[in-house]
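Student: I would like to learn how to read a structure such as this one, feature by feature. Could we look at it together?

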Amino acid sequence: MAVGWITFHITDRCNLDCHHCLRDPELRPKDLPVALIRRVLGEAREKYGSDHTAFSGGEPTLHPEFGAVVDAAVDQGFSWHMVSNGHGFPAVLELLGARPERLAGLTSVSFSLDGATAGVHDAIREKGSYEEVLRAASVCMASGVKFVLQMAVHAKNEHEVEAMGLLASQLGANRLSFTLTQPTGTHHDRDHYLSPAAFRRVLARIERLRDALTLPVGVPEGWYTEQPFHVCQPFASQQLHVDLQGRVNLCCQHSGIPGDGSDRDIAGDLNVMSLTEAHRRFVRLVHDAQEAKLDAIERGEIGDWDHFACNWCMKHFGKPHWIDDGVGGPPAARQRWRGAWEKRNRLPIVS
Ligand SMILES: C[S@@+](CC[C@H](N)C(=O)[O-])C[C@H]1O[C@@H](n2cnc3c(N)ncnc32)[C@H](O)[C@@H]1O
Ligand code: SF4
Ligand code: SF4
């Protein structure tokens with residue numbers, strides 16, 4: 001088993017404020033320094049032989065030195081991919097095209113599309129957002145950049161799962177991916193809630209869709225598994241995640257969302273330690289979590305929601321998680337409304 005890739009949460013800036021988002025729009029925006037990304041990738045290359053990396057956020061393309069972030073990867077021989085909301089993508093493509101190595105190293109862009117129709121997607125994200133993603137997809141098609149469509153599924157959009165299959169095929173996507181939406185502790189959670197049985201019915205529909213399409217259909221970690229002792233890719237060290245503060249934490253689902261204050265899902269700070277040291281601490285943290293799961297299995301304390309690995313994980317680490325009648329765990333210490341941070345605080349941005 002090898003470290004597959006490191007995902008960097010490179011910025012918390014965003015031009016949207018999606019209802020389901022893990023990001024806290026009231027935090028002062030911050031960017032991960034390019035020097036840290038470069039150094040950590042160098043270590044990953046040297047120690048693990050890694051050759052691929054990924055960028056997420058916030059909206060990664062809004063990192064003020066986004067070109068330099070990509071260069072930190074491609075200059076060291078890494079290929080890369082990113083998750084983006086697709087806004088202003090023609091300009092992003094232009095920035096990437098300024099150095100051929102940047103595009104040559106880009107394996108794919110995952111665009112978030114949370115509905116097959118503008119009505120559904122824009123209600124979750126923002127008016128005009130659906131058109132932006134469609135434009136992004138068409139410029140990718142025109143310039144030969146592979147793209148994936150990624151939907152975070154919940155009660156507000158699950159009825160469009162099949163239509164997403166058709167749309168992704170028509171747009172020429174290379175893959176379609178369905179993520180199970182985790183709660184974030186805000187009032188929006190109650191509108192997103194589906195019961196375990198309902199999420200399982202959605203999964204069955206996604207599996208039927210997968211059989212019907214030639215386009216690959218992915219279901220990342222988080223969906224129901226029969227076996228309660230499930231080892232996800234981060235738990236197997238196949239993916240490491242670096243949060244906005246430069247700390248190795250469990251994965252993007254834990255990154256920046258409200259917790260019980262214990263920060264138990266953070267393994268080590270790369271500002272003050274090597275990647276291998278942070279990884280060593282990460283392995284211990286995962287070991288403890290797996291032991292706790294085994295204890296729960298032994299005691300017969302596994303409920304329906306515990307078969308959804310990410311939900312159990314979020315609960316174990318003191319984060320918001322689905323429960324039988326709604327949401328458990330700490331509430332977000334903020335309201336969610338579009339542009340909240342910018343409207344309230346006009347402080348300078350720090351990096
Ligand atoms: C946090 S965003 C960052 C990248 C970019 N801003 C975007 O929206 O694609 C990465 C992915 O996480 C998904 N996401 C956000 N909140 C989520 C949640 N509560 N549960 C599951 N996925 C979530 C988004 O829909 C998006 O596909
Ligand atoms: S999910 Fe929406 S609000 Fe969250 S980072 Fe992506 S675009 Fe921004
Ligand atoms: S939330 Fe936990 S179980 Fe899910 S992918 Fe992340 S580390 Fe793995």
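Tutor: Let us start with a helix, keeping in mind that this is a predicted model. A useful habit is to ask which residues of a helix are covered, and in helix H7 (residues 161-171) the buried ones are Val-161, Met-164, Gly-165, Leu-167, Ala-168 and Leu-171.

Student: Which elements do the buried residues of H7 pack against?

Tutor: They pack against two helices, H6 (129-143) and H9 (196-212), and also against the strands E5 and E6. If you follow the chain just past H7, you meet Gly-172, which takes a positive phi of about 85 degrees.

Student: You mentioned strands; in what order do the strands of the sheet lie, and how is their pairing described?

Tutor: For a sheet, read the order across the strands, which need not be their order along the chain. Here 10 strands form an open sheet, in the order E7-E6-E5-E4-E3-E2-E1-E8-E9-E10, and the pairing is mixed. The edges are E7 and E10, each of which pairs on one side only.

Student: Where should I look to see how E1 is placed, and is it covered or not?

Tutor: Begin with burial: strand E1 (residues 5-11) is mostly covered, with 6 of its 7 residues buried. Then take the neighbours one at a time. E1 and E8 run parallel and are joined by 4 bridges, and Phe-8 has Val-242 in E8 as its bridge partner. With E2, E1 pairs in the parallel sense over 5 bridges, and there Thr-11 is partnered by Gly-57.

Student: In what sense do E3 and E4 pair, and over how many bridges?

Tutor: E3 and strand E4 (residues 106-112) pair in the parallel sense over 5 bridges. As a point to find on the screen, Met-82 stands opposite Val-109 in E4.

Student: Now to the ligands: how many residues surround ligand 1, and which are the closest?

Tutor: With a ligand, it helps to list the shell before looking at single atoms. Ligand 1 is surrounded by 19 residues, and the closest are His-20, Gly-58, Ser-112, Arg-125 and Gln-182. By class, this shell holds 5 nonpolar, 12 polar and 2 charged residues. Several strands contribute to it, since strand E2 (52-57), strand E3 (79-84), strand E5 (147-153) and strand E6 (175-180) each supply at least two residues.

Student: Which atoms of ligand 1 lie opposite polar atoms of Leu-22, Ser-84 and Ser-112?

Tutor: Here one separates backbone from side chain. A nitrogen atom of ligand 1 is 3.3 Å from a polar backbone atom of Leu-22, and an oxygen atom of the ligand is 3.2 Å from a polar backbone atom of Ser-84. In the case of Ser-112, a polar side-chain atom lies 2.5 Å from an oxygen atom of ligand 1. Taken on its own, ligand 1 has 550 Å² of accessible area, and the protein covers 93% of that.

Student: What surrounds ligand 2?

Tutor: The shell of ligand 2 is made up of Cys-14, Leu-16, Asp-17, Cys-18, Cys-21, Arg-23, Gly-58, Asn-85 and Arg-125. Sorted by class, these are 4 nonpolar, 2 polar and 3 charged residues.

Student: And how is the shell around ligand 3 divided by class?

Tutor: The shell of ligand 3 has 8 nonpolar, 2 polar and 1 charged residues. Among its members are Cys-232, Cys-251, Cys-310 and Cys-313, together with Glu-221 and His-254.

Student: Which backbone angle is notable at Ser-237, and is this residue buried or exposed?

Tutor: A sign of phi is worth checking residue by residue. Ser-237 has a positive phi of about 65 degrees although it is not a glycine, and this residue sits in the loop between strand E7 (217-218) and strand E8 (239-242). Ser-237 counts as buried because its relative accessibility is 11%, which is under the 20% cut-off.

Asp-263 also has a positive phi, of about 50 degrees, without being a glycine. Its place is the loop between strand E9 (247-249) and strand E10 (266-269), and at 46% relative accessibility Asp-263 counts as partly exposed.

Student: Which residues does His-279 touch?

Tutor: Leaving aside residues up to four places away in sequence, His-279 touches Val-3, Tyr-48, Ser-237 and Leu-240. His-279 lies in helix H10 (residues 275-298) and is buried, with a relative accessible area of 11%.

Note on methods: Residues numbered from 1 in each chain as written. Chains lettered and ligands numbered in written order. Predicted model: local features only at pLDDT ≥ 70, side-chain atom pairs only at ≥ 80, totals over all residues. Heavy atoms only, no water. Near = heavy atom within 4 Å. Nonpolar A, V, L, I, M, F, W, Y, C, P; charged D, E, K, R; others polar. Buried < 20%, exposed > 50% of the residue type's maximum accessible area, 1.4 Å probe, protein only. Contact = heavy atoms within 4.5 Å. Polar contact = N/O pair within 3.5 Å; in protein donor to acceptor, adjacent residues only side chain to side chain. Areas by Shrake-Rupley, 256 points an atom, 1.4 Å probe, with all protein chains shown as cover. Pairing = 2+ DSSP bridges.
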